[in-house]
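Biologist: I'd like to take this one slowly, starting with a single residue and working outwards. Could you put the model up on the screen?

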Amino acid sequence: LTLVEFDQNRIEQLEAGARAGQIIVESVYLARTLGNQPSNVASPAAIAATAQAMCAEVGLTCTVLDEAELRQQGMGALLAVNQGAVQPARFVVMEYRPTDEQPVVLVGKGVAFDTGGYSLKTAAGMESMKGDMTGAAAVIAAMRAIALLKLPQPVIGLTPLVENLVSATAYKPG
C-alpha cells in the first residue's frame, strides 16, 4: 500500500491511521483463521493455546482455567455442556489494564463443536456447528487489537471453551 500526501503536516496522522488499520485487519484475520479451522484442530485446548500465544505476543495477562479449576469455581453448567466430550473444557481470561478504572468485559461463546448433545441437531445443520466458537475467536481477536491500539479503557475478555457432543456421559435434557 502506498499513501500519497503532499502536506507534510498530515504524514504522521496518515501513518497512525494506516497502522491502526493494519492492526484491525490482522486481528480480523486471526478471528477468521480460528473460525475457519476444522473442529478436530480447533479444540478447546488449541483455542486456549492460541489465546495464550497472542497474549504473550502483545503483552496481555492471560489465565487459562482447566477442568479442575472450573469445578473449584462452581462452573458446573459449563462443565455439563462439555461432559460428553473427550477434549477437556477450558476458560480463558485475557486482561488489558492500562488504568485502574472499571473494565469493559467481552464474553465470546466458544463451543468448538456443537452437536446439540442429546437434543441432536439435524444433519443439515451439523456441518456449520464448528462456527459456534466464533464468538470466542472474535473476543480473542478484539483483545489483540485493543492491546496493540493501546486503547485507554481497561478490557477483560472471557472465552469459555467446550465441545457439546453425544456420548454415554453427555448431559441429558430435563
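Biologist: Thanks! Let's begin with M133: is M133 buried or exposed?

Modeller: M133 lies in the loop between helix 5 (123–126) and helix 6; helices are DSSP runs of H or I with at least four residues, strands are E runs of at least two, and both are numbered from the N terminus. This is a predicted model, where local features need pLDDT of at least 70 and side-chain atom pairs pLDDT 80 or more, while totals for chains, interfaces and linings use all residues. Residues are numbered from 1 along each chain as its sequence is written, and side-chain values use heavy atoms, leaving out hydrogens and water. The relative accessibility of M133 is 1% (under 20% is buried, over 50% exposed, partly exposed in between, using a 1.4 Å probe and protein chains only), so M133 counts as buried.

Biologist: Which residues is M133 in contact with, leaving aside neighbours within four places in sequence?

Modeller: A contact means heavy atoms within 4.5 Å. With those neighbours set aside, M133 touches L34, G35, I47, K109, G110, V111 and A112.

Biologist: How far apart are the C-alpha atoms of M133 and G76?

Modeller: Along the chain, M133 and G76 are 57 residues apart. In space, the separation of their C-alpha atoms is 20 Å.

Biologist: On to S43, then. Which residues does S43 touch, not counting those up to four places away in sequence?

Modeller: S43 has its place in the loop between helix 1 and helix 2. Its relative accessible area is 9%, so S43 is buried. Beyond its sequence neighbours, S43 touches Q87 and A112.

Biologist: What about K150: what is its phi?

Modeller: K150 sits in the loop between helix 6 and strand 5 (155–164), and with 64% relative accessibility K150 counts as exposed. Most residues other than glycine have a negative phi. K150 isn't glycine, yet its phi is positive, near 55°.

Biologist: Now the helices. Are helix 1 and helix 6 roughly parallel or roughly antiparallel?

Modeller: Helix 1 (residues 11–36) packs against helix 6 (residues 134–149) with axes 8 Å apart and an angle of about 160°. Axes are lines fitted to C-alpha atoms, for helices over the stretch in contact, and angles go from 0 to 180 degrees between N-to-C directions. Under 35 degrees counts as roughly parallel, over 145 as roughly antiparallel, 65 to 115 as roughly perpendicular and the rest as oblique. Therefore helix 1 and helix 6 are roughly antiparallel.

Biologist: Which residues of helix 6 make that contact with helix 1?

Modeller: On the helix 1 side, the contact residues are A20, I23, I24, E26, S27, L30, A31, L34 and G35. Facing them from helix 6 are T134, A137, A138, I140, A141, R144, A145, L148 and L149.

Biologist: And helix 2 with helix 6: parallel or antiparallel?

Modeller: I47, A51, M54, E57 and V58 of helix 2 meet I140, M143, R144, A147 and L148 of helix 6. The axes of helix 2 (residues 44–58) and helix 6 come within 10 Å, crossing at roughly 5°. Helix 2 and helix 6 are therefore roughly parallel.

Biologist: Zooming out, in what order do the elements run from the N terminus?

Modeller: The chain has six helices and five strands. Starting at the N terminus, the order is α-α-β-α-α-β-β-β-α-α-β.

Biologist: Last one: what share of the chain counts as buried?

Modeller: The C-alpha atoms fill a box of roughly 70 × 40 × 25 Å along the principal axes. Of contacts between residues at least 6 apart in sequence, 77% join residues at least 24 apart. Out of 174 residues, the buried share is 37%.
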